[in-house]
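Hi everyone, thanks for making time this morning. I'd like to walk you through one structure, starting with its charged side chains and ending with its sheet.

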Amino acid sequence: MTYHRRPTDVHNLPKLKTFRTKLRSNLTPAEAAFWKIVQNSKLDGRKFRRQHSVAGYILDFYCPSERLAVELDGEVHFHDAAREYDYERKLFLQHFGIKVIRFENKQVFEDLEFVLYTIRLNFGWRERTTPAAKPATPPS
């Protein structure tokens with residue numbers, strides 16, 4: 001049976017497969033340490049993917065069930081041009097219903113509990129931001 005992608009499917013586009021594979025093989029030390037914590041659904045039973053792509057963007061980590069991206073940033077992200085790029089990227093991903101949270105690489109090593117706490121706080125973010133359904137009107 002052959003799998004056919006829908007034209008609207010923007011996740012893990014085939015044209016980025018080689019690049020994603022290369023990135024997975026060359027994780028930064030912070031990414032490798034974080035991956036050991038979340039792989040195999042170790043974080044509250046949530047599955048995370050490494051180097052998951054959405055359209056032309058590759059996310060460090062992505063939790064599909066929560067539509068949550070976790071980005072670990074090194075020094076390259078601390079310049080104005082990079083901040084602007086990251087902001088535009090965040091807006092693009094929000095358009096697809098994905099929330100992005102960012103941490104500095106050093107936080108994985110120096111304050112892992114804060115990183116995990118913050119991620120857990122963001123589990124369920126969609127339910128908290130979706131307007132509540134109107135209660136049913138009783139029949140007259």
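**Salt bridges and the sheet**

Let's begin with Arg102, which counts as partly exposed at 29% relative accessibility. Before I go on, please keep in mind that this is a predicted model.

Which side chain does Arg102 meet in a salt bridge? The partner is Asp86, with 3.3 Å from N to O. This pair links distant parts of the chain: Arg102 belongs to strand β4 (residues 99-104) and Asp86 to helix α3, 16 residues apart. Unlike Arg102, which is partly exposed, Asp86 is buried, because its relative accessible area is 9% and the limit for buried is under 20%. There is also a third member here: Asp73, Asp86 and Arg102 are linked in a network of salt bridges.

Helix α3 turns up again in the next pair. Arg89 and Glu71 meet through their side chains in a salt bridge, at 3.3 Å from N to O. Arg89 lies in helix α3 (residues 80-95) and Glu71 in strand β3, so this salt bridge ties together parts that are 18 residues apart in sequence. Are these two buried or exposed? Arg89 is buried, and Glu71 is buried as well.

Now for a pair in the loops. Arg46 and Glu66 form a salt bridge, with their closest N and O atoms 2.9 Å apart. Arg46 sits in the loop between α2 (29-38) and β1 (49-54), while Glu66 sits in the loop between β2 (57-63) and β3 (68-73), 20 residues apart. Arg46 counts as partly exposed at 22% relative accessibility, whereas Glu66 is buried at 9%. In total, the count comes to seven salt bridges.

So much for the charges; on to the sheet. How are the strands ordered? The sheet is open, with four strands in the order β1-β2-β3-β4 and mixed pairing. β1 and β4 stand at the edges with a single partner strand each, so one side of each has no neighbour in the sheet. From one strand to the next, the twist averages 45 degrees.

β3 and β4 pair in the parallel sense, over six bridges. Asp73, from the network I mentioned, has Glu104 in β4 as its bridge partner. Helix α3 packs on the sheet and touches β1, β2, β3 and β4, and its direction makes about 60 degrees with that of β2. Helix α5 (residues 112-122) lies across β3 and β4, running at about 170 degrees to β4.

That's my tour, and I'm happy to take questions.

Notes:
Residues are numbered from 1 along each chain as its sequence is written. This is a predicted model: local features need pLDDT of at least 70, side-chain atom pairs count only at pLDDT 80 or more; totals for chains, interfaces and linings use all residues. Side-chain values use heavy atoms; hydrogens and water are left out. A salt bridge is a side-chain nitrogen of Lys or Arg within 4 Å of a carboxyl oxygen of Asp or Glu. Helices (H or I, at least four residues) and strands (E, at least two) are DSSP runs, numbered from the N terminus. Buried means under 20% relative accessible area, exposed over 50%, partly exposed in between (1.4 Å probe, protein chains only). Two strands pair if DSSP finds at least two bridges between them. Axes are lines fitted to C-alpha atoms, for helices over the stretch in contact, and angles run from 0 to 180 degrees between N-to-C directions. Contact means heavy atoms within 4.5 Å.
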